[in-house]
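Dear colleague,

Please find the structure below, handed over for your own examination. The findings follow directly after it.

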Amino acid sequence: MSAPSVWLITGASRGLGSEIAKAALKAGHVVVAGRRGSKSTSQTTELESLGAKWINLDMKAGDIETIIGTVEKDYGHIDVLVNNAGYGVGGTAEDLRISIQTIRDVMEVNVMGPIRACRAVIPAMRQQGGGTIVNISSVSGILSFPGVSAYSCTKHALEGFTESLSKEIEPFKIRTILVEPGSMPTGFLDTTLSAVTVPRSEPYRGTIADVVLSAAAGGELVKAHGGSPVLAAARIVEAVDRTGVFADRDIGLRLPLGKETQEIIDWGKDLAKRAEELQDIAVSIAV
Ligand SMILES: NC(=O)c1ccc[n+]([C@@H]2O[C@H](COP(=O)([O-])OP(=O)(O)OC[C@H]3O[C@@H](n4cnc5c(N)ncnc54)[C@H](OP(=O)(O)O)[C@@H]3O)[C@@H](O)[C@H]2O)c1
């Protein structure tokens with residue numbers, strides 16, 4: 001077991017965040033768990049009984065930096081920040097045009113919130129000589145599927161931000177891990193929780209976007225690819241602690257988790273092949 005450290009996990013009220021909190025507690029760490037409001041559920045009560053300390057942290061609110069400052073003061077330091085809170089938006093780009101605010105809102109929670117949280121923890125991590133930032137992205141941070149352009153846009157933005165950031169803070173011994181899960185059976189697709197879907201307009205019925213969105217809503221995607229949030233959480237904690245599967249294995253920036261990883265591999269090969277094929281044309285603009 002590695003030395004106990006202080007973990008701040010956003011969106012820990014349920015789903016993957018709750019499982020990461022449980023796995024971190026099991027590994028002996030101190031867990032400060034973020035949730036919106038103070039409503040108790042069976043999951044929040046269970047986490048509390050395992051030792052998690054709740055804080056009210058809405059990733060869309062204006063006080064993220066202040067709340068993180070209070071955690072640093074109360075616990076002395078934050079060793080690991082897990083930016084997990086996030087939600088999905090389904091709907092074609094044209095249909096989402098009727099509600100541009102829906103796109104702004106998800107950018108705020110999935111991108112601006114994590115950016116603000118990272119910026120809030122870095123100064124103290126730099127001064128204490130290290131720390132780890134885990135940003136939960138998605139397979140949709142690399143591949144874009146029809147029908148989820150708004151969500152994909154947020155996770156691509158988080159990937160770009162995190163890749164740059166990782167190189168900036170590596171000299172200060174702050175590690176960055178970008179987790180790219182595939183489908184998992186959490187509340188992620190549940191529109192009675194945080195997920196949002198915009199109905200398909202008539203021209204899109206029967207198109208590929210409609211097929212993908214219907215398969216997601218009908219649970220077929222999760223059935224075909226679904227990974228376990230419990231096992232994903234275990235891998236994430238092992239990656240941070242360099243234990244378990246990562247005891248003697250290097251963990252770089254990206255941690256893909258799920259069967260969809262094969263699609264990322266194929267996409268990477270295709271990208272490299274296409275760049276090679278077009279290299280003569282690409283360099284033809286050199287002066
Ligand atoms: N499940 C998947 O298939 C999948 C795949 C790839 C990536 N991911 C990513 O994994 C992460 C966790 O999602 P999940 O699968 O565990 O979904 P989930 O079960 O719906 O959990 C989402 C969590 O985010 C919190 N949240 C939503 N909006 C928030 C806000 N404004 N401020 C603070 N917390 C907020 C929710 O809190 P409330 O209880 O207050 O709503 C909940 O705790 C997300 O970043 C998601 O994009 C999920």
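How do the residues of the shell around the ligand divide into nonpolar, polar and charged? Ten of these residues are nonpolar, twelve are polar and four are charged. Please bear in mind throughout that this is a predicted model.

**The ligand and its surroundings**

There are 26 residues around the ligand, and those that come nearest are S13, R14, R36, Y151 and T186. Two helices, α1 (15–26) and α6 (149–169), each supply at least two residues of this shell.

Several polar approaches to oxygen atoms of the ligand may be of interest to you. In the side chain of R36, an N or O atom is 2.7 Å from an oxygen atom of the ligand. The backbone takes part as well: a backbone N or O atom of G11 lies 3.0 Å from a ligand oxygen, and a polar backbone atom of G187 is 3.0 Å from an oxygen atom of the ligand. As to coverage, the ligand on its own has 890 Å² of accessible area, and the protein covers 94% of that.

**N84 and G11**

G11 appears again in connection with N84, which is located in the loop between β4 (80–83) and β5 (89–90). The side chain of N84 reaches the backbone oxygen of G11 at 2.9 Å. Is N84 buried or exposed? Its relative accessible area is 11%, and because the cut-off for a buried residue is under 20%, N84 counts as buried. Apart from neighbours within four places in sequence, the residues in contact with N84 are T10, G11, L16, G17, I20 and I136.

**E19 in helix α1**

Helix α1, one of the two helices named above for the ligand shell, also contains E19. With a relative accessibility of 17%, E19 falls under the same 20% cut-off and therefore counts as buried. The side chains of E19 and K22 are joined by a polar contact of 3.2 Å. In general, an α-helix has 3.6 residues a turn, so residues three or four places apart point the same way. Once residues up to four places away in sequence are set aside, E19 touches P229, V230 and A233.

**Helix α7**

In helix α7 (residues 208–217), the buried residues are A209, D210, L213, A215 and A216. Which elements are included in what covers them? Among them are β5 and α8 (220–225). Just after α7, G219 takes a positive phi of about 85°.

**The chain as a whole**

The protein chain holds eleven helices and nine strands. Its C-alpha trace spans about 55 × 50 × 35 Å along the principal axes. For 287 residues, a compact globule would have a radius of gyration near 19 Å, and the 20 Å of the protein chain agrees with this.

Of the 287 residues, 46% count as buried. The accessible surface of the protein chain comes to about 14,400 Å², and carbon and sulfur atoms account for 56% of it. Among contacts between residues at least 6 apart in sequence, 71% join residues at least 24 apart.

With kind regards

Terms used. Residues numbered from 1 in each chain as written. Predicted model: local features only at pLDDT ≥ 70, side-chain atom pairs only at ≥ 80, totals over all residues. Heavy atoms only, no water. Near = heavy atom within 4 Å. Polar contact = N/O pair within 3.5 Å; in protein donor to acceptor, adjacent residues only side chain to side chain. Areas by Shrake-Rupley, 256 points an atom, 1.4 Å probe, with all protein chains shown as cover. Helix = DSSP H or I, 4+ residues; strand = E, 2+ residues; numbered from the N terminus. Nonpolar A, V, L, I, M, F, W, Y, C, P; charged D, E, K, R; others polar. Buried < 20%, exposed > 50% of the residue type's maximum accessible area, 1.4 Å probe, protein only. Contact = heavy atoms within 4.5 Å. Rg over C-alpha atoms; globule rule 2.2 N^0.38 Å.
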